[in-house]
Number of protein chains: 2
Amino acid sequence: MALIVQKFGGTSVGSVERIRNVARRVAKWKAAGHDLVVVPSAMSGETNRLIALAKELQPQPDARELDVVASTGEQVTIGLLSMALLELGVKARSYTGWQVRVLTDSAFTKSRIISIDDAAIRKDLKSGHVVVVAGFQGVDAQGNLTTLGRGGSDTSAVALAAALKADECHIYTDVDGVYTTDPRLVPEARRLRTITFEEMLEMAGAGSKVLQIRSVEFAGKYKVPTRVLSSLTDPALPVAEEAQSGTLITFEEDPHMAMEKAVISGVAFNRDEAKITVKDVPDRPGIAYAILGPIADAHIDVDVIVQNVGHDGMTDMTFTVHRNDYAKAVKILNDKVKPHIKCREVSGDERIAKVSVVGMGMRSHAGIAAQMFRTLAEEGINIQMISTSEIKITVVVDEKYMELAVRVLHKAFELDQA
Amino acid sequence: MALIVQKFGGTSVGSVERIRNVARRVAKWKAAGHDLVVVPSAMSGETNRLIALAKELQPQPDARELDVVASTGEQVTIGLLSMALLELGVKARSYTGWQVRVLTDSAFTKSRIISIDDAAIRKDLKSGHVVVVAGFQGVDAQGNLTTLGRGGSDTSAVALAAALKADECHIYTDVDGVYTTDPRLVPEARRLRTITFEEMLEMAGAGSKVLQIRSVEFAGKYKVPTRVLSSLTDPALPVAEEAQSGTLITFEEDPHMAMEKAVISGVAFNRDEAKITVKDVPDRPGIAYAILGPIADAHIDVDVIVQNVGHDGMTDMTFTVHRNDYAKAVKILNDKVKPHIKCREVSGDERIAKVSVVGMGMRSHAGIAAQMFRTLAEEGINIQMISTSEIKITVVVDEKYMELAVRVLHKAFELDQA
């Protein structure tokens, strides 16, 4: 008997009939003898509907009030899903974020989880209940409602699994696992049966949308075995079979597996990026903080950051942000940063894309970067920025070359071969 | 400068444009120098939509889970209304029921308020905020979400006014005050400028739907001056004029006013009732409790109760319940009561109506009952039950005579005369 946290996305609970199917699926796992904590998202379309209402009243909605409104979507689903379970004769009980005290910071609309009180959940599990907890939402130390930002329900589920020391966390999605790249772009893409936490983190960071990156970070930090699997299979699929489906995120590479494993696990990409360059800034200590500090204060996430060696005591700094944050970031740099540091200009480009190759095997294989750059050069694709980590190489290219880059890299690293 | 609690019903906040109008109205009062606490209902139709969703999943929805779902309607409105106020440049801040700790009992879907913590509200008022509090909802001592039942937002508003010792509580509705009877039935009905708390209580109990009866009870218990007024007037109506509109519920009858006041203030009626008779029960102590105890335990409200003098050690007991509770009440009597007491049969009638005349003047004027009964007799209307209080006389008649009874009584007591 295992303790399993199961998260269902908005599409999976998008109608009364689908909620009923989720209940059937959960009931099946419960009947197999497991303890279940279920984390549903809002019904698909609901969060967007609420945000649209808010924007009609206030084009830039007050963040605190927006969270009050947006967090209702998941509250509706937990009640409905609990009813569906009760109707099947399964004992169930719902909790909002504040009721199990999913304590977060106060960064409304993009809060981070600090702690979760597991007392009520454990008590209900002990008495045979399926516990249904609202994803996406929490409460800050002052008692204000908060939300975790888009995709936050994944994070809620993994954080709950960590707090409860669950045996496994299931993330049910509309895809059946993690692929070597997006099959819509490359039909030859293959599903990975396992992926290491580090690879998953880099894939998510590089734009693979299967899991929200913060949920992967949580999974890694607390070593929560997390399985991405499909909510589109028959709810009556035998538990033994469902338990082996999808892609499992692992934490220690099996040495035997590693022998057989490809050098590269996947090609990830992201077109929702923009790059910003601050030109000719003084090349002195503290300059990176002077530029990026105000950006971070505005809760804008910065992704790739590149600073090359300086010349004549000056240097350039380039970084990427989400395309939605581009205008705000440029304004901050012009209004708050430029007056305080000497810099020639702030420029940027919204039409860029990020393409990455990711793989644990990279650590023991030289020449991956060279092979990647050669592959792109052969197609005449210019590389605008390069950034590397131990298991990932990312390039920024003109947006129009993105699909081509992904396809040729997927082929060059033989990801289409079983 | 006064502290005013203003409650707006579902129709008043039924669309983005209407929420904007409520914000304009509130902003106007704020600009006139008053402290405002605003209690909106859910957007019209929303609560029904949520309950319908719930019933699709569970025909008899679990009460605890239903409250989790239903309470989201008001949570959406408080956020949206706060945004609308902020957009007008008015400082505003929303609170759910649990955030200001509207502590209730645990009778899900029909909870009663025990206490309200006013600390956060007072602090925000002091710093110049309009405070927006969700109506209809609360939290029990175990931290479960609760709702107060239909019309509960009126109760929330009056309870807040009581807790804050507000100068006045405004209940904005789609009618412009309390009338001598329903103008849809009797076009000659007149608006009352004032009505005493006791009269209002009897009017509400007798089916006048302007205010929920529990809100009137709260108003009376804590002597909250409560004004019923229209939300359909121009939001820009001068404050001085709006402050005199509608009907004010008063607590002490002005002796001078009383001189001029009509004996009867209004004729109330209710067609949503059913009567139940338990025939030939032993006429001994404890029998009323034996019959009505199990009904109360099922949270079914009993209204008129009549027990006449017994005969041969036996008596009959008749009472009325809401028509929706009729089948359930009959079942309880047959299953749980009949086996324990000797009684011949449980019978009932769903096609009855209640008609009442209400007025403080009744206390000092004899013969009101006689006049009422004569008036009905002249029209050939048979009286099935009679019940009286100090300021109300209620009769139960066949439903088909209801309109006629109301019209002739309204005329007989000269309520159409200014």
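Copies of a chain are superposed here by least squares on the C-alpha atoms of residues with pLDDT of at least 70 in both. I keep in mind that this is a predicted model.

**Entry 1: the two chains**

I began with how the chains relate. Two copies of a chain are related by a rotation about an axis and a shift along it. I found that chain B lands on chain A after a rotation of 180 degrees with 0.1 Å of shift along the axis, at an RMSD of 0.1 Å. That is the relation of a two-fold axis. Next I looked up which C-alpha of chain B is nearest the axis. The answer is B:Thr72, at 2.7 Å from the axis. I also noted that the same surface serves both copies, as 100% of the contact residues of chain B recur in chain A.

**Entry 2: a leucine in chain B**

I then turned to B:Leu81, which I located in helix H4 of chain B, spanning residues 72-87. Is B:Leu81 buried or exposed? I counted B:Leu81 as buried because 26 other C-beta atoms lie within 10 Å, and the cut-off for buried is 20 or more.

Which residues does B:Leu81 touch, leaving aside those up to four places away in sequence? My list has B:Val13, B:Ile19, B:Val22, B:Ala23, B:Val38, B:Pro40 and B:Val132.

I also checked B:Val397: B:Leu81 and B:Val397 are 316 residues apart in sequence, and their C-alpha atoms are 45 Å apart in space.

**Entry 3: the core**

Last, I looked at the largest nonpolar core, which has 239 residues. The members that touch the most others are A:Leu81, A:Leu160, B:Leu81 and B:Leu160, so my buried leucine of Entry 2 turns up again here.

Definitions and conventions: Residues numbered from 1 in each chain as written. Chains lettered and ligands numbered in written order. Predicted model: local features only at pLDDT ≥ 70, side-chain atom pairs only at ≥ 80, totals over all residues. Helix = DSSP H or I, 4+ residues; strand = E, 2+ residues; numbered from the N terminus. Buried ≥ 20, exposed ≤ 12 C-beta atoms within 10 Å, placed from the backbone. Contact = placed C-beta atoms within 7 Å. Core = buried A, V, L, I, M, F, W, Y, C linked by C-beta atoms within 7 Å.
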